[in-house]
Amino acid sequence: MFYETAKNDHGLPYNPFKAIVAPRPIGWISAMSAKGEINLAPYSFFNGLTDHPPTVMFASEGRKDSVVFAEETKEFVCNLATWELREPMNETSAPFARGVNEMEKTGLEAARMDLLLYDWLSELIFLKDRDREVFTSCRVRIEGEGPCRLSANVRGGGIDPERTTLGADPKAVTFHQFALERVTDGWRARVVIDI
Ligand SMILES: Cc1cc2nc3c(=O)[nH]c(=O)nc-3n(C[C@H](O)[C@H](O)[C@H](O)COP(=O)(O)O)c2cc1C
């Protein structure tokens, strides 16, 4: 079949533009504003683009809340909406006012603290590989328990083979024996790194 999008001359009951790419996975994009407001909405125009560096995207028809929030904090998360979650996923596409948390509206639980730790450690390894930087100290701040946000101040420098001896080169964080538990004065984590 050939048709011109401007003419819409496909002869079908519905515009086939979206259905042509099938199956069509749905990205469930979560983002946070600078003020800490949470947003969650489905975007079928999303994808993984490269794995080195790991790059994901979503495309918005207009400057929707997801875009505005991601621009404010420079972060968004691509979640995959599965068949079991199709109904709440659809509900989060409603045009709620900016600042309304779609996760609360649809009774969803936000990302777990342990996955946040996993992602953050993975990001440090990514920075080591991309920018050739290693870190010797860091101060981590976690806000919230359900929807949570991690910000960190890390100190370090570029890998200089003359001065820096790398005992082992971390390749990835793994879920093998991965555990995070609350203790009286904070959190205790067990993380196995693939080297
Ligand atoms: C299955 C599905 C896929 C969608 N895909 C897109 C998309 O790719 N791009 C887009 O702009 N809107 C898409 N929408 C509509 C947005 O989810 C909707 O406009 C939503 O209100 C945007 O939320 P936000 O303003 O909080 O970002 C989709 C909706 C559904 C139900």
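**View 1. Ala94, an exposed loop residue.** Ala94 counts as exposed because it has 11 C-beta neighbours inside 10 Å. The cut-off for exposed is 12 or fewer. This model is predicted. Ala94 sits in the loop that links α2 (86–91) to α3 (102–105). Along the chain, Ala94 and Ala41 are 53 residues apart. In space, their C-alpha atoms are separated by 8.3 Å.

**View 2. Strand β2, buried on both faces.** Ala41 belongs to one covered side of β2, together with Asn39 and Tyr43. The other side carries Ile38, Leu40 and Pro42, and these are buried too. In total, six of the six residues in β2 (residues 38–43) are buried.

**View 3. The hairpin of β1 and β2.** Strand β1 (residues 26–32) runs antiparallel to β2. Six bridges join the two strands. One residue to find is Gly27, whose bridge partner in β2 is Tyr43. Five residues lie between the strands of this hairpin. Look there for Gly36, which takes a positive phi near 95°.

**View 4. Helix α1 and its buried face.** Four names mark the buried residues of α1 (residues 65–73): Asp65, Ser66, Phe69 and Ala70. Viewed down the axis of α1, these buried residues fall within an arc of 125°, so they line one face of the helix. What do the buried residues of α1 pack against? They pack against β1 and β2.

**View 5. Lys74, just after α1.** Lys74 follows helix α1. Its phi is positive, near 65°.

Note on methods
Residues are numbered from 1 along each chain as its sequence is written. This is a predicted model: local features need pLDDT of at least 70, side-chain atom pairs count only at pLDDT 80 or more; totals for chains, interfaces and linings use all residues. A residue is buried if 20 or more other C-beta atoms lie within 10 Å of its own, exposed if 12 or fewer, and partly exposed in between; C-beta atoms are placed from the backbone. Two strands pair if DSSP finds at least two bridges between them. The arc is that of the directions from the helix axis to the C-beta atoms. Two residues are in contact if their C-beta atoms, placed from the backbone, lie within 7 Å.
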